[in-house]
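Work through the following exercises with the sequence and the model at hand. Each task is followed by a solution in steps.

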Amino acid sequence: MYIKFLKSKLQGLTVTAKNLYYTGSIKLDRNFLELANIQPYEIVLVINISNGERFETYVIPAKKGSKTVALQGGAARLGEVGDQLIIMSFWYKEVKDDKSKKPVKIIFNKNNTIKKIIK
């Protein structure tokens, strides 16, 4: 079984451009990609903290040092220039533990104390 883990997180980026008439993606400064170990065309999760939108798209590298954060294609409808973003990339790790075959359900009370654990 494989479990998805957070690989890198770019928090507080500001959208610098939008291009609606593009096939879709987010364009990011190559420096950002290298620092976060994100590969060109890798799928990322984007959270727009200015409007609450969340979406997945692939990354296109922009010129190194340009500070570009451009929403492209359909993603351009999910934010505006000046919006603050969080971009996360993930990796999968094989886990041989079969304890997780059956889901764990944790039920909480209103004050976030555990009421019941179902394994």
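**Exercise 1.** In this predicted model, list the residues that Leu10 touches, not counting residues up to four places away in sequence.

*Solution.* Start from Leu10 and leave out residues up to four places away in sequence. Contact requires heavy atoms within 4.5 Å. The residues that Leu10 then touches are Leu28, Phe32, Ala36, Ile38, Leu85, Ile86 and Ile87.

**Exercise 2.** Describe the largest nonpolar core: how many residues has it, and which have the most contacts inside it? Then find which elements each supply at least two residues.

*Solution.* Step one is the count: the core has 19 residues. Step two ranks its members by contacts inside the core, which puts Leu10, Ile26, Leu28 and Ile87 at the top. Step three assigns residues to elements. At least two residues each come from strand 1 (2–14), strand 3 (25–29), helix 1 (30–36), strand 4 (43–48), strand 5 (54–62), strand 6 (69–72) and strand 7 (84–94). The largest share, 3 residues, belongs to helix 1. As background, nonpolar side chains in soluble globular proteins tend to be buried together.

**Exercise 3.** Determine the sign of phi for Asn37 and for Tyr41, place each residue in the fold, and classify its exposure.

*Solution.* Most residues other than glycine have a negative phi. Asn37, not a glycine, has a positive phi of about 55°. Tyr41 is not a glycine either, and its phi is positive at about 75°. Asn37 lies in the loop between helix 1 and strand 4, and Tyr41 is also found in the loop between helix 1 and strand 4.

For exposure, the cut-off for exposed is over 50% relative accessible area. Asn37 has 45% and is therefore partly exposed. Tyr41, at 54%, counts as exposed.

Terms used: Residues are numbered from 1 along each chain as its sequence is written. This is a predicted model: local features need pLDDT of at least 70, side-chain atom pairs count only at pLDDT 80 or more; totals for chains, interfaces and linings use all residues. Side-chain values use heavy atoms; hydrogens and water are left out. A nonpolar core is a set of buried Ala, Val, Leu, Ile, Met, Phe, Trp, Tyr and Cys residues joined through side-chain atoms within 4.5 Å. Buried means under 20% relative accessible area, exposed over 50%, partly exposed in between (1.4 Å probe, protein chains only). Helices (H or I, at least four residues) and strands (E, at least two) are DSSP runs, numbered from the N terminus.
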